[in-house]
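Here is a quick tour of a handful of residues. Have the sequence and the structure open as you read.

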Amino acid sequence: MSYNSGVGALRDGDEYTIDNARKAEILNSAFCGSQQSDNGLLPTFDRRKNATKNLDTINFEQSIIYRTVRRIKPKMSSDPDGYCPFLLTKLLPSISGPLSIIYQSFMSAGNIPDSWKISIITPLFKKGAASDPNNYRPVAITSIFSKLMERVIVSQTSNHLKELGLISKEQHGFLKARSTSTNLIESVSDWTVNFSSHSATDVAYIDFARAFDKVCHRKLIHKLKSYGIDGDLLRFVDNFLLNRKQCTKVGNSLSTMLNVKSGVIQGSCK
């Protein structure tokens, strides 16, 4: 057995394994094991006061598809169906029109193909002991055609939230031109002002373990509606999260397929 998978020996109970097939099973179990079963209770979350209008659907005009594809990096890595972003960019003039029609029909029906709900997980080492399967982050490889549709949805949804002032100005994650660096710059500025005025400053850091894996889908849909996401778009997002499956790949070995109970897809367009 070789270590060219990027995953070395993993702890398997009281022993260690270097077999890629076994490592794939261990990691997939660890990823799915951190997911959260929904307790069926919906928290009280009133409609946001700035949500003065709904976003019920998404515009998939051919020109929008064309511009979105042009911004994709032409990578050669393949999706589960064997297609790569490079091919997508080369076929752009021929497929942007048909994709526009297909995406609009999926949105109207509030449904996507089952094959788009399958993720092949690539384990990404974070920190700590490399032999501990809990020290890996799951990055999902999904259909590039699904990701393209997601990009269009994310762009128009983000614009809706920004237009109505529904995104807090203190948020720095998952926003263009914002990052941990901009967050730190603002924090240091505030601390400096307090220090200069001899004011006390309390700083609290909170890290939710496996936060992305534990997002309950029903609660997420409930919260989205309070932000004015409704109609065909809300039904589509609901279906997008429903009955998803994943397997983990180590080297050339794939684990068995497991159901995804909770969480958002890491590696997709959020």
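## A few residues up close

Let's start with Ser 96, which sits in helix α4 (residues 92–109); helices here are DSSP runs of H or I, at least four residues long, numbered from the N terminus. This is a predicted model, where local features need pLDDT of at least 70, side-chain atom pairs count only at pLDDT 80 or more, and totals for chains, interfaces and linings use all residues. Residues are numbered from 1 along each chain as its sequence is written, and side-chain values use heavy atoms, with hydrogens and water left out.

Ser 96 is buried, at 1% relative accessibility. Buried means under 20% relative accessible area, exposed over 50%, and partly exposed in between, for a 1.4 Å probe and protein chains only. Setting aside neighbours within four places in sequence, Ser 96 has contacts (heavy atoms within 4.5 Å) with Gln 62, Ile 65 and Tyr 66.

Next come two non-glycine residues with positive phi, Phe 174 and Arg 210.

| Residue | Phi | Loop | Relative accessibility |
|---|---|---|---|
| Phe 174 | about 65° | between α5 (144–163) and α6 (180–196) | 62%, exposed |
| Arg 210 | near 55° | between α6 and α7 (217–226) | 18%, buried |

And Val 188? It belongs to helix α6 and is partly exposed, with a relative accessible area of 38%. Val 188 and Trp 116 are 72 residues apart in sequence, and 43 Å separates them in space, C-alpha to C-alpha.

Note on methods
Helix = DSSP H or I, 4+ residues; strand = E, 2+ residues; numbered from the N terminus.
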